[in-house]
Amino acid sequence: MSNKTIVITGGTTGIGFACADYLVKNGYNVAITGRTRENLDIAVSRLGKNAIGVLSDTSLLDDIDELVLKIKNEFGKIDGLFINAGIFKALNFEETTEALFDETMNINFKGAYFTVQKFLPILKNPSSVVLNTSIVVFKAFADTSVYTASKAALESIAKVLNIELAERGIRLNVVSPGVTQSPIQKKSGMSDEAIDNLLEHFSSTSPIGRIVQPTDIAPIVEFLLSDKSAVLRNEKVIVDGGTTM
Ligand SMILES: NC(=O)c1ccc[n+]([C@@H]2O[C@H](COP(=O)([O-])OP(=O)(O)OC[C@H]3O[C@@H](n4cnc5c(N)ncnc54)[C@H](OP(=O)(O)O)[C@@H]3O)[C@@H](O)[C@H]2O)c1
């Protein structure tokens, strides 16, 4: 059992929630964030007494400042950060608007970037940061151009920060999920039929014979946050059931 303290951005549903749940069950103290009060309250009540929730929009730098202050007041310094908050809206390149471009980049990249930066003063030496990217970074999917760019940008900073932050004992690694069943599909604007087809395709073509679940990602993230992976730097763990082999 661990007694580490971890902050998870976007921990109210899907992968972030499954990771929070797994960490709490393994002795960690966890703080989750989200934009939606109702989702946050439900998640925190399900996680129990070793979790707190902070309403915080990761695309707003003032919100990140407030988040860091709240976490500092609650825990002092923390052992790790799971940069997980993210959105995906499916749209072809030709129809992609500046608004969608900005929304996606502001949450998935800019918010993620400044969250790591603003947490630096309260990350312990040693500590671990895990970035949640996606298989889209290395495998092309139609209608994902901005999302792909946002995740590629996020993944690209891991190696630079591993050099800059090494002296402070801060290391970064990447978890790269394949298509994982979560609320993100419904939020993406895809029709129910398109979602069913997507999940069916990735179930039937996967060597594991089923779709990846958020609970499949959680032990991998815990490993990357824990001392078990202490010597890993800029490692990317692809959690896709083998679909991109
Ligand atoms: N599911 C997949 O197939 C898949 C594959 C590869 C990578 N990923 C990545 O995994 C991460 C989690 O996605 P998921 O599938 O678990 O989807 P999800 O269930 O929709 O979870 C997204 C989480 O991020 C939060 N969030 C979104 N925008 C936010 C913002 N501006 N500020 C703070 N929190 C915000 C959501 O909270 P609210 O609901 O309160 O906004 C929610 O807790 C994302 O970064 C996604 O890109 C997912």
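**Cavities, pockets and ligand shell**

The largest cavity is lined by K89, L91, T96, L100, T104, D143, T144, S145, V146 and Y147. The model is predicted, so that local features require pLDDT of at least 70 and side-chain atom pairs pLDDT 80 or more, while totals for chains, interfaces and linings use all residues. Numbering runs from 1 along each chain as its sequence is written, and side-chain values use heavy atoms, without hydrogens or water.

**Exercise 1.** Characterise the largest cavity by volume, contributing elements and residue classes.

*Solution.* Step 1: a cavity is a set of points on a 1 Å grid over the protein atoms alone where a 1.4 Å probe fits but cannot get out, and its lining residues have an atom within 4 Å of a point. The volume of the largest cavity, as the space filled by probe spheres set on grid points joined across faces, edges and corners, is about 50 Å³.

Step 2: α4 and α5 are the elements that give two or more residues to its lining (helices being DSSP runs of H or I with at least four residues, strands runs of E with at least two). The largest share, three residues, comes from α5.

Step 3: the lining has four nonpolar, four polar and two charged residues (Ala, Val, Leu, Ile, Met, Phe, Trp, Tyr, Cys and Pro are nonpolar; Asp, Glu, Lys and Arg charged; the others, Gly among them, polar).

**Exercise 2.** Determine how many cavities of 30 Å³ or more there are, and describe the second largest.

*Solution.* Step 1: the count comes to two cavities of 30 Å³ or more.

Step 2: the second largest cavity has a volume of about 40 Å³.

Step 3: its lining consists of G178, V179, F202, S206, R210, I211, V212, D240 and T243, with four nonpolar, three polar and two charged residues.

**Exercise 3.** Describe the two largest pockets by volume and lining.

*Solution.* Step 1: a pocket is an open set of grid points with protein on both sides within 12 Å along at least five of seven lines. The largest pocket holds about 1000 Å³ of space, and the second largest about 160 Å³.

Step 2: 46 residues line the largest pocket, with G86, I87, F88, Y147 and I184 nearest its centre. By class, this lining comprises 17 nonpolar, 22 polar and seven charged residues. At least two lining residues come from each of α1, β2 (29-34), α4 (98-119), α5 and α6.

Step 3: the second largest pocket is lined by Y113, V116, Q117, L120, I157, L161, E164 and L165, of which six are nonpolar, one polar and one charged.

**Exercise 4.** Locate the ligand and analyse the shell around it.

*Solution.* Step 1: the ligand sits in the largest pocket (more than half of its atoms lie within 2 Å of the grid points). The elements giving two or more residues to its shell are α1 (14-25), α5 (145-164) and α6 (184-187); α6 gives the most, with three residues.

Step 2: 32 residues surround the ligand (a heavy atom within 4 Å), and T12, T13, Y147, S182 and K187 come nearest. Nine shell residues are nonpolar, 19 polar and four charged.

Step 3: polar contacts are pairs of N or O atoms within 3.5 Å. An oxygen atom of the ligand lies 3.2 Å from a polar backbone atom of G10. A ligand oxygen is 2.7 Å from a polar backbone atom of I15, and a ligand oxygen is 2.5 Å from a side-chain N or O atom of S182.

Step 4: the protein covers 97% of the 880 Å² of accessible area that the ligand has on its own (Shrake-Rupley method, 1.4 Å probe).

Note on methods:
Polar contact = N/O pair within 3.5 Å; in protein donor to acceptor, adjacent residues only side chain to side chain.
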